[in-house]
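Please open the structure in your viewer and keep the selection tool at hand, as this tour moves from one group of side chains to the next.

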Amino acid sequence: MTDIAFELQARQLRQKAVEASRSYGAGYTEAEDIAQDVMLRLWQMRHDLDRYHSLEAVTVQAARRLTLNLHRRQSPLPLAGQDSCSSVCGDPSQQLEERENELWLQQRLDRLPSTQHAILYMRQVEHRSSTEISRLLDISEASVRTLLSRARRSLLEEIKKRNQSLR
């Protein structure tokens, strides 16, 4: 692909990269940064782009991967603020069991994708509404509800598995 041909398509490709990144949970500024990275990578490989059938597909795929990598690099927020029974319970075996349960739950929470973890934290610990969360994360309310549901469902399945293995 020639430099001129690339420049003619660049604006549309950049917009596709922003849209793809936003659809995978990136905020506006993150999506802009990711789109910039995608465009730089496409520019670097502009002479080899003729071998692809759809530049839009390549752009969307690159934006998707960069967005997912961004989410993986972000450390999940700790779900703090919940008081444990260990300070109230007097029995050492109950305290040990409670600590084991807390550790097990924290490990499962840490395994959640960072966006699901953040939404669960904002909802359960900070008691924020879906509207507030959607505004803070710059995603739709439907996305907030979906991600919250997935996080809860995932934790419920883990709890069910654990309960069955303890029987």
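Begin by selecting Glu 126, Arg 128 and Glu 132, which in this predicted model are linked in a network of salt bridges. A search of the whole structure finds 6 salt bridges, and the next stops show further pairs.

Select Arg 22 and Asp 138 next, and look for the salt bridge between them, where the closest N and O atoms are 2.6 Å apart. Because Arg 22 lies in helix H1 (residues 3–23) while Asp 138 sits in the loop between helix H6 (130–137) and helix H7 (141–166), this pair ties together parts that are 116 residues apart in sequence. If you colour by accessibility, Arg 22 is partly exposed, with a relative accessible area of 27%, and Asp 138 is likewise partly exposed, at 34% relative accessibility.

Now move to Glu 158 and Arg 108, which form a salt bridge with their closest N and O atoms 3.2 Å apart. Glu 158 belongs to helix H7 and Arg 108 to helix H4 (residues 92–111), so the pair ties together parts that are 50 residues apart in sequence. Is each partner buried or partly exposed? Glu 158 counts as partly exposed at 23% relative accessibility, whereas Arg 108, at 14%, counts as buried.

Finally, stay with helix H7 and select Glu 141 and Arg 145, which both lie in that helix, 4 residues apart, or about one turn. Their salt bridge has its closest N and O atoms 3.8 Å apart. Glu 141 is partly exposed at 32% relative accessibility, and Arg 145 is partly exposed at 47%.

Note on methods:
Residues are numbered from 1 along each chain as its sequence is written. This is a predicted model: local features need pLDDT of at least 70, side-chain atom pairs count only at pLDDT 80 or more; totals for chains, interfaces and linings use all residues. Side-chain values use heavy atoms; hydrogens and water are left out. A salt bridge is a side-chain nitrogen of Lys or Arg within 4 Å of a carboxyl oxygen of Asp or Glu. Helices (H or I, at least four residues) and strands (E, at least two) are DSSP runs, numbered from the N terminus. Buried means under 20% relative accessible area, exposed over 50%, partly exposed in between (1.4 Å probe, protein chains only).
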